[in-house]
Amino acid sequence: MLSIYNTLTRKKEEFIPISPDEVRMYVCGPTVYDYFHIGNARSFIMADVLRKYLEYKGYNVKYIMNLTDIDDRIIKKSIEEKIEAKLVAEKYTKAFFDDIEKLKVKQADVYPKATDHVQEIVDFIKQLEEKSFAYNVDGNVFYDVSKFHDYGKLSGKKLVELEAGARVDVNEEKKNPLDFALWKKAKEGEPFWESPWGKGRPGWHIECSAMSGKHLGETFDIHAGGNDLIFPHHENEIAQSEAATKKKFVNYWIHFGFLNINNEKMSKSLGNFFTARDILKHYSAESIRLLFSQTHYRGPLEFNDELLDSSQKGLEKFKNLVEKVSPHPVPLPKGEGVSPDFDFQSYYKDFESAMDDDLNTPQAVAVLFDFVRDVNKAIAEKENLPSEFYSNVKEFLSKTAQGVLGIVDLEKSEAQGSSVEKELIELLIGLRNGARKEKNFALSDKIRNELNELGIELKDSKEGTTYKKVKK
Ligand code: AMP
Ligand code: ZN
């Protein structure tokens, strides 16, 4: 049974999706005005881990991540770089896709863009206006927070407290400092769309209400994002969606802790950031993901190079094991060999009970390290291991370490290609071994060297010959 901490109720709850086999999940995506930093990456990766664990548990996950492709920051950048806002968004959308792919984040089912949903957003605002939750002041449309009696339920704050905090943001057009823009009137030279209130563009909060409703329905299971989105962004989404539909918007609200540098949140505005693409030049996705998995998703995560170095080192243990178990030189036929007394199920069970406990990834990682240690011990103790043992090891790592946490890349570690390629290489290794037995070293060296030319490195040991694909 999976239990997960729900920001809305402030407690761990059993996770029960609306439809028994399907989970509908929405994660707030990036504003595409720059390369994203490694702090943003923490949120994207932990959302990915949650999604993959739900899939591991057999749910069919419908995963939506929006792209905010029109916003003040994009307009600012377009002025600075003297290019159209649309081109700024296109450039950084492409960069976003490149970077999350490198981080081994699985693609969302849909990446809705705000600018493709202006009609839905306008219709949503019209609905709020008709229900008296919105007011228009000279082309700027605001949400009237005082009309929504549950305002503050997500952040757990009372309206008066929130109002006191919002006084700094005085805007004469607003009735209440907490009111927020649903539609922003276009200033001279800014990109705009036509609307019943004149030329303008959507506010940030409304885009997530409109797009999540369109792609996931009025009520869905999970809404996630970084801690900084609890207030006001997610609070405002609830106010908009529940005012419009009169239904509960989201059942489980999940928020990720900040990635910090010197105990301070990494952010563009503070200038204390590293882009994910820069970090990826020096560290693998697996080491970044291991570092993130070693901290619980809700807690703060202090980030520095030494921590990344040590997670890189930790990964060696997995890599060495993968190399050891695949491709196994002379796999014994199924059923032959001495089966070690190895209880794979207990490791699955321990991995699952860690993950079921509000995604306790640090504990899950500890289970995986124990697994590696115990498999190594079993291999060291017994000689004749059956091929099932090796395939069970790989299957376990593939489902958990790779499939859920993304801290191992079996394909990369095995450094092998398609199964036909693998069979051909093994055929050549067999021929080479035959040549060596016959002391035909000219032929055996030729095979070795020519494979080497193709980027396939052979390694002989007393257990047999293994190979590795090396980048040329
Ligand atoms: P943004 O592009 O600023 O809207 O942020 C994209 C996502 O990254 C959101 O879910 C943010 O909550 C999250 N985020 C921003 N900064 C950090 C940080 N330092 N640590 C973790 N998540 C963050
Ligand atoms: Zn959002």
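The following paragraphs lead through two sheets, a hairpin and a pair of helices in this structure, which is a predicted model.

A good place to begin is the sheet whose strands run in parallel. Four strands make up this open sheet, in the order β4-β3-β9-β10, and their pairing is parallel. Its edges are formed by β4, residues 60-65, and β10, residues 250-256, each of which pairs on one side only. On average, and with direction ignored, neighbouring strands of this sheet are turned by 20 degrees against each other. Within the sheet, strand β3, which covers residues 22-27, pairs with β4 in the parallel sense over six bridges, and Y26 stands opposite I64 in β4. Helix α1, residues 38-56, packs on this sheet and touches β3, β4, β9 (220-226) and β10, while its direction makes about 160 degrees with that of β4.

A second sheet shows the other way of pairing. Strands of a sheet pair through backbone hydrogen bonds, either parallel or antiparallel. Here four strands form an open sheet in the order β5-β6-β7-β8, and the pairing is antiparallel. The strands at the edges are β5 (134-137) and β8 (200-202), each pairing on one side only, and from one strand to the next the twist averages 25 degrees. Between β5 and strand β6, residues 140-143, which run antiparallel, there are four bridges, and V137 stands opposite N140 in β6.

Towards the start of the chain's numbering, strand β1 (residues 3-6) and strand β2 (residues 11-14) also run antiparallel, joined by four bridges. The bridge partner of N6 in β2 is K11. Four residues lie between the strands of this hairpin, and R10 takes a positive phi near 60 degrees.

The last stop is a pair of helices. Helix α12, residues 361-381, and helix α13, residues 387-405, pack at an angle of about 160 degrees, and their axes are 12 Å apart. Because angles over 145 degrees count as roughly antiparallel, α12 and α13 are roughly antiparallel to each other. Their crossing is left-handed. On the side of α12 the contact is made by T361, V365, L368, F371, V375, A378 and I379, and on the side of α13 by F389, Y390, V393, F396, L397, T400, A401 and L405. Sorted by character, the residues of this contact between α12 and α13 divide into 13 nonpolar and two polar, with no charged residue among them.

Notes: Residues are numbered from 1 along each chain as its sequence is written. Chains are lettered from A and ligands numbered from 1 in the order in which they are written. This is a predicted model: local features need pLDDT of at least 70, side-chain atom pairs count only at pLDDT 80 or more; totals for chains, interfaces and linings use all residues. Side-chain values use heavy atoms; hydrogens and water are left out. Axes are lines fitted to C-alpha atoms, for helices over the stretch in contact, and angles run from 0 to 180 degrees between N-to-C directions. Helices (H or I, at least four residues) and strands (E, at least two) are DSSP runs, numbered from the N terminus. Angles under 35 degrees count as roughly parallel, over 145 as roughly antiparallel, 65 to 115 as roughly perpendicular and the rest as oblique. A crossing is left-handed if the near helix is turned anticlockwise from the far one by less than a right angle, and right-handed if clockwise. Contact means heavy atoms within 4.5 Å. Ala, Val, Leu, Ile, Met, Phe, Trp, Tyr, Cys and Pro count as nonpolar, Asp, Glu, Lys and Arg as charged, and the others, Gly among them, as polar. Two strands pair if DSSP finds at least two bridges between them.
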